[in-house]
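Hi everyone, thanks for making time. I'd like to walk you through a couple of spots in this model, so please pull it up on your screens.

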Amino acid sequence: MTPAARLSAAIELIATIDAQRIPAAKALKEWGTAHRYAGSGDRAAISGLIWDVLRRQSSAAWLMEDDSARARVIGMLKLERGMDVATIAALCDGGRFAPDALTATEEAALASRSLKDAPAPVAGDYPEWLDPYLAKVFGEDRAAEATAMASRAPLDLRVNTLKGKREKMLPRLHHLGAKETPWSPLGLRIELGADARNPGIHAEEDFIKGAIEVQDEGSQLAALLSAAKPGEQVIDLCAGAGGKTLALAAMMQGKGRLIATDSDKRQLVPIHERLSRAGVHNCDVRTPRGEEEVLSDIKASADLVLIDAPCTGTGTWRRNPDAKWRMRPGALEVRLKDQAEVLERAAPLVKGGGRIAYITCSVLSEENGEQVKAFIARHPEFAVQPPEQTASVLWDKAETFAEAALQSAEGWLMTPRRTGTDGFFVSILKRQASS
């Protein structure tokens with residue numbers, strides 16, 4: 001397919017997503033099934049266009065003064081892809097399989113309009129109802145922070161130190177363009193262009209042998225900030241597919257007791273294979289069965305309980321750009337209740353001197369600092385470990401990390417704009433030692 005034909009396909013797909021109100025991934029899959037002549041490069045390029053439109057759909061519509069699928073695709077080409085009017089006009093020339101030629105109105109909008117006077121939700125491409133929530137966290141920087149959350153994320157990998165070291169893994173993945181991550185001493189990063197296909201990491205020998213795992217650098221840092229140590233008793237209370245469980249296991253060097261569980265047993269399905277591939281032998285996966293409490297034998301004995309809390313996922317918008325447009329206010333209320341419940345479940349598991357690592361992939365203060373303050377009010381036997389002390393586990397990067405991330409009395413907030421990671425909040429809550 002020509003670039004112009006790919007653009008036509010993208011306009012058609014955006015119109016379908018609008019009309020049928022279906023997730024972009026589903027629309028792309030159905031389109032690929034119906035257009036088998038399109039090669040993998042075509043599908044990757046069209047997918048890139050779709051995700052970029054969803055990232056920039058509000059600002060693109062503002063730029064073009066038109067909310068149609070065509071207008072948003074064309075506006076995105078200027079805002080996200082940096083194309084000038086002549087380049088866009090060459091793609092939209094009305095030729096065979098190409099979009100119709102630009103109208104005079106469209107050319108004028110592309111040439112003269114900008115986002116200079118756009119309101120923050122438009123400039124930052126997020127739902128208007130979220131504006132007061134983001135303003136509470138970022139103030140006048142909220143549009144810039146949200147714009148960074150709309151950018152395409154790189155592919156980050158974590159080196160499994162049970163099986164290898166980063167310095168040895170780096171040259172083995174040189175063919176993929178892998179480089180060291182800025183903060184995590186375990187991370188490798190592969191930058192992806194607008195039309196790039198995701199590299200076949202799952203087919204790499206080092207992935208198959210468990211030496212590397214896909215994990216955003218922010219998630220790696222969240223695990224590192226928990227400071228899990230060899231010989232400790234550690235519980236991953238919301239383990240899901242096991243990304244942070246694997247990171248904890250490597251930090252523990254296979255020594256101590258690691259327990260992984262999740263209230264939704266379906267989320268745990270992949271964890272067994274991943275633990276086996278990673279060479280983890282000290283992890284006990286506890287799958288819920290009915291109303292049975294799977295942690296009934298753990299009473300105030302855990303050194304660390306890690307909570308990867310259920311949240312709105314606002315910190316992962318750059319990976320799930322359509323999720324932000326489907327988010328509704330009621331979702332926040334549900335998540336706040338879920339978070340409070342999992343914190344209550346964690347509290348009695350922690351021994352005197354032990355700690356809870358409370359983590360979200362959200363940037364909203366209601367889910368982060370305010371949730372922590374409410375927990376401390378209910379449980380005065382816990383106190384927030386000073387964030388600067390928490391960051392000391394990053395060794396030589398601690399000082400520069402402290403300058404980049406947002407620090408509050410309750411913990412650290414990482415964002416794409418500040419740390420180049422997904423948005424993650426981390427708070428370490430320490431229980432006072434028994435007298």
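Helices H1 and H5 cross in a right-handed sense. Do keep in mind that we're looking at a predicted model. If you want to find the two helices, H1 covers residues 3–20 and H5 covers residues 69–79. Their axes come within 8 Å and cross at roughly 130 degrees. Anything from 115 up to 145 degrees falls outside the perpendicular and antiparallel classes, so H1 counts as oblique to H5.

Who makes the contact? On the H1 side we have Leu7, Ala10, Ile11, Ile14, Ala15 and Asp18. H5 answers with Ala69, Arg70, Arg72, Val73 and Leu77. Sorted by class, the contact of H1 with H5 has eight nonpolar residues, three charged ones and no polar ones.

Now let's hop over to the strands, and to E8, residues 302–308. Is E8 largely enclosed or open? Six of its seven residues are buried, so the rest of the structure largely encloses strand E8.

And who are its partners? One is strand E5, residues 233–236, which runs parallel to E8 and is joined to it by three bridges. If you'd like a place to click, Asp236 stands opposite Leu306 in E8. Another is strand E9, residues 350–360. E8 and E9 also pair in the parallel sense, over six bridges. Here, look for Asp308, whose bridge partner in E9 is Ile359.

While you have the strands on screen, here's a general reminder: side chains in a regular strand alternate between the two faces of the sheet.

That's my tour, and I'm happy to chat.

Definitions and conventions. Residues numbered from 1 in each chain as written. Predicted model: local features only at pLDDT ≥ 70, side-chain atom pairs only at ≥ 80, totals over all residues. Heavy atoms only, no water. Axes fitted to C-alpha atoms, helices over the stretch in contact; angles between N-to-C directions. Helix = DSSP H or I, 4+ residues; strand = E, 2+ residues; numbered from the N terminus. Parallel < 35°, antiparallel > 145°, perpendicular 65-115°, else oblique. Left-handed = near helix turned anticlockwise from the far one by under 90°. Contact = heavy atoms within 4.5 Å. Nonpolar A, V, L, I, M, F, W, Y, C, P; charged D, E, K, R; others polar. Buried < 20%, exposed > 50% of the residue type's maximum accessible area, 1.4 Å probe, protein only. Pairing = 2+ DSSP bridges.
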